[in-house]
Amino acid sequence: MLLQLQSSPSWNSTRMTRFQHASRSKRKSVQSSCWWIQSSASRVHTLLISNEGKGKENPPLRKYKLDPPMYTKASVDPKARRLEYNKGHQVKSKTGSLLSFVILRTWLNTSRMVFKKLFHHWFQNLGATNSTFACISNSMSKPTPLKLDVSLPSFQDIRWNFARLLYLFNMQVDRNVAIFFAVLLVACFSFVIIGGLLFFKFRNKSQSLEDCFWEAWACLISSSTHLKQKTRSERVIGFVLAMWGILFYSRLLSTMTEQFRNNMAKLREGAQLQVLESNHVIICGVNSHLAFILKQLNKYHECAVRLGTATARRQRILLLSDLPRKQMDKIADNIAKDLIHIDVLTKSCSLSLTKSFERASANSARAIIILPTKGDRYEVDTDAFLSVLALQPIPKMASVPTIVEVSNSKTCELLKSISGLKVEPVENVASKLFVQCSRQKGLIKIYRHLLNYQKNVFNLCNFPNLAGMTYRQVRRGFQEAVVCGLYRDGKIQFHPNDVEVLQQTDKILFIAPVHGKCKPEVAFRDAVRSETNTVQPLEVPEKNDESRNNALDLKKMRLDNVVKRSMKAVSKTSDMSVGPKECILVLGWRPDIVEMIEEYDNYLGPGSVLEILSDVPLDDRNRASDIAGQGNLKNIRVSHMIGNPMNYDTLKQAIIRSKSSFKRTEDIPLSIIVISDRDWLLGDPSRADKHAAYSLLLSENICNKLGVKVQNLVAEIVDSKLGKQITRIKPSLTYIAAEEVMSLVTAQVAENSELNEVWKDILNAEGDEIYVKDVRLYMKMGENPSFSELSERAYLRREVAIGYVKNSKKVINPKPKSEPLSLEMTDSLIVISELEGEQPVLV
């Protein structure tokens with residue numbers, strides 16, 4: 001290409017002439033962008049002219065003019081040689097520039113062609129005007145400005161962007177304090193690097209860069225190091241590093257303290273803490289039942305330690321709630337400070353999340369108890385349902401009993417339908433229990449006795465060696481316990497026939513102390529089974545072991561000594577056809593009082609009156625009655641009064657009105673019942689107890705002044721100590737801790753889930769219940785029967801005798817059972833009886 005370029009002077013002159021004759025205006029327009037091209041072209045033109053002149057003097061050297069060695073051979077004089085060498089060097093450099101220009105021009109044209117093909121439409125609009133060599137390739141084109149906005153942002157925009165950046169940083173720091181710690185470290189090392197580089201520069205590289213970095217680090221961590229600097233610039237650098245070091249370490253210390261505080265707060269809340277326990281009891285929720293449940297679990301574990309069945313010295317209790325953990329710790333400490341056989345751990349979390357129960361190791365727990373935390377019956381059931389649903393995804397939950405306190409039986413059926421869980425719903429029948437205990441003095445003490453693990457309680461035990469025997473043999477064979485029935489196929493039978501044959505899987509329900517590993521001894525006349533020590537070949541000296549010929553005569557004698565009951569009982573409190581006619585004055589109101597009214601309707605006879613005194617508006621009372629579906633009352637009439645039961649004048653008018661609701665000729669007994677508000681019981685039970693105790697004492701005072709005879713003065717009090725103190729001062733008053741009884745039932749079901757069916761039947765109005773009955777129903781004047789004889793007579797009335805009351809002292813599971821009791825006609829017999837429906841006397 002160079003040879004062709006050199007051998008074509010006309011091309012050079014023509015091309016250069018075109019450049020020189022370009023219009024002055026056009027040259028001005030491209031002067032700044034093409035000045036180096038014009039210079040290169042002029043150099044090429046000068047080079048070609050000089051080569052033509054030399055070619056005439058020495059034609060053979062024309063085609064070797066670019067070869068420096070051959071060119072130097074033609075010169076003899078050193079100066080001429082030097083001059084020729086310089087000229088040759090200039091020719092070579094100019095030729096290289098020309099070559100570079102040609103290569104660059106070719107590359108640009110090729111690139112432009114490629115871009116045209118790739119971006120055809122876009123290049124049509126911008127290619128000609130924006131190309132660097134547009135003025136050369138197209139002299140008619142003019143560069144078009146891009147019209148870009150290169151103005152600086154306003155101060156408001158800069159301020160907003162800075163605030164936005166600070167906001168994002170603070171948000172990240174709020175989520176994780178460690179981010180601020182990382183930022184501090186980055187800033188610290190940045191100052192070390194900058195300070196080291198500045199030291200290295202101002203010291204004119206007299207020290208190594210490593211030493212400069214180390215001295216910058218020393219100034220940062222020790223503020224006194226900058227005092228050793230000698231020059232002014234070094235002192236300024238050291239001072240800045242020292243000030244930043246003080247700021248850095250103060251912020252670093254505060255950041256680490258804050259991070260440590262956050263971690264400790266998380267540990268205190270326990271929300272993300274994984275519980276590594278097994279065989280522990282989980283209690284979900286905090287209410288007035290918690291104290292009684294913890295005390296009951298403490299007694300049970302104490303008995304287990306004494307009997308040798310405990311697996312640990314102290315039982316671990318895990319308390320879960322959505323309350324703050326500090327508040328939970330305070331509640332737990334107040335309750336468990338005197339309980340030496342349990343350890344209470346607290347954990348604040350949501351009771352409707354599966355993760356909460358997974359962190360609580362729910363699948364390795366011994367039992368889970370879910371308590372209600374709200375007063376509304378529907379909220380109680382929905383919260384319980386959500387907690388049970390949260391347990392379902394956890395594996396291996398089928399073997400862990402889940403005890404749930406609910407408000408109605410329909411919810412029990414719904415919870416039991418959830419698959420994969422062993423749910424034992426406990427219906428809260430505190431209202432019905434309160435009515436039962438208010439009707440019978442001393443009944444609440446019997447319930448508390450049967451729920452105290454240190455005394456006689458219900459037990460369910462399997463005796464495989466007794467399979468094939470009749471229920472009569474088993475019932476008469478237990479000398480250390482009272483047999484109450486059979487547990488078969490998940491159902492309890494309190495009154496099986498004597499000819500019923502025991503099966504291998506049947507369990508016997510009996511009342512006795514907690515047996516532990518030692519089962520109660522059984523004595524039979526014929527010892528046909530002796531696989532274990534529980535069956536002993538002892539003959540029991542009982543009348544009912546006589547020959548078959550005398551058995552019928554003995555049964556006939558027993559029937560003559562008992563009072564026969566009618567085939568159908570209309571009232572649950574009387575063996576007669578109808579119940580007693582009474583007047584009930586209820587002080588207080590809560591939504592479940594409707595259940596109390598229905599229960600009173602089952603006990604009382606026609607014409608009875610129930611009056612309610614409360615400051616709750618009538619609209620709220622009617623709404624509660626409509627929701628509960630009340631309106632099918634048969635025996636009682638309900639009336640409402642508005643007023644505060646703790647006001648003397650208001651209460652006095654209510655008592656006078658209740659007494660005057662019947663004719664003066666009628667001697668109708670009056671009972672005053674004080675109940676507590678449900679919200680108080682769930683919140684602060686002590687407040688409810690104070691109001692109930694004050695209303696009870698005020699009622700007794702008014703009745704004494706008016707000369708009104710009151711059959712029962714009963715108050716619902718949660719704190720047993722306060723109740724005992726009141727009854728000690730005023731023996732005529734009675735307190736009922738129905739909530740305590742329900743709590744003890746829940747705790748007992750948690751230890752043995754099969755007992756749920758037993759207590760459900762006893763506490764249900766339609767099932768068997770515990771009654772304290774007059775002993776004259778079972779014996780005549782002058783008789784002195786043993787407890788075994790009374791049990792046989794009670795069996796004829798389709799009842800189960802479990803104890804007696806003598807001289808106002810109750811005895812449950814008396815021992816020995818064959819000795820005469822010397823009961824008076826004013827004493828009572830404690831029985832389990834189903835009073836509704838047909839009650840035939842067995843013949």
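**Why the labels fit**

Biologist: Why is methionine 243 called partly exposed?

Modeller: Its relative accessible area is 44%. Buried means under 20% relative accessible area, exposed over 50%, and partly exposed in between, with a 1.4 Å probe and protein chains only. The value for methionine 243 lies in between, so partly exposed is the label. This is a predicted model, in which local features need pLDDT of at least 70 and side-chain atom pairs count only at pLDDT 80 or more, while totals for chains, interfaces and linings use all residues. Residues are numbered from 1 along each chain as its sequence is written, and side-chain values use heavy atoms, with hydrogens and water left out.

Biologist: Where is methionine 243 placed, and which residues form a nonpolar patch with Met243?

Modeller: Methionine 243 is in helix 12 (residues 232–269). Helices are DSSP runs of H or I with at least four residues, strands are runs of E with at least two, and both are numbered from the N terminus. The patch joins Met243 with Val236, Phe239, Val240 and Ile246, and together they have about 460 Å² of accessible area.

Biologist: What makes a group of residues a patch?

Modeller: Each residue must have over 30% relative accessible area and no salt bridge; nonpolar side chains (Val, Leu, Ile, Met, Phe, Trp, Tyr) are joined within 5 Å, and like charges within 9 Å. A salt bridge is a side-chain nitrogen of Lys or Arg within 4 Å of a carboxyl oxygen of Asp or Glu. At 44%, methionine 243 passes the area cut-off because it is over 30%.

Biologist: How do you know that helix 18 is mostly covered?

Modeller: In helix 18 (residues 430–439), 10 of its 10 residues are buried. Among them are Lys432, Phe434 and Arg439.

Biologist: Why does asparagine 279 count as partly exposed, and serine 808 as exposed?

Modeller: Asparagine 279 has 31% relative accessibility, so it falls between the two cut-offs. Serine 808 has 75%, so it is past the upper one.

Biologist: What is phi in asparagine 279 and in serine 808?

Modeller: Phi of asparagine 279 is near 60°, and that of serine 808 is about 65°. Both values are positive, in residues other than glycine. Most residues other than glycine have a negative phi, and most peptide bonds are trans. Asparagine 279 is in the loop between helix 12 and strand 1 (281–284), and serine 808 is in the loop between strand 21 and strand 22.

Biologist: Which residues does a cis peptide bond join?

Modeller: Lysine 815 and proline 816, with omega about -15°. Proline 816 is in the loop between strand 22 (809–812) and strand 23 (828–833).

Biologist: What makes a space a cavity?

Modeller: On a 1 Å grid over the protein atoms alone, a cavity is a set of points where a 1.4 Å probe fits but cannot get out, and its lining residues have an atom within 4 Å of a point. The search finds 5 cavities of 30 Å³ or more, and the largest has a volume of about 290 Å³. Of the 22 residues lining the largest cavity, the closest to its centre are Arg475, Arg476, Ser788, Ser791 and Glu792.

Biologist: Which element gives the largest share of that lining?

Modeller: Helix 30, with 5 residues.

How values were computed. On a 1 Å grid over the protein atoms alone, a cavity is a set of points where a 1.4 Å probe fits but cannot get out, and a pocket is an open set with protein on both sides within 12 Å along at least five of seven lines; lining residues have an atom within 4 Å of a point. Grid points are joined across faces, edges and corners, and a volume is the space filled by probe spheres set on the points. Accessible areas come from the Shrake-Rupley method with a 1.4 Å probe; for residues, only the protein chains shown count as cover.
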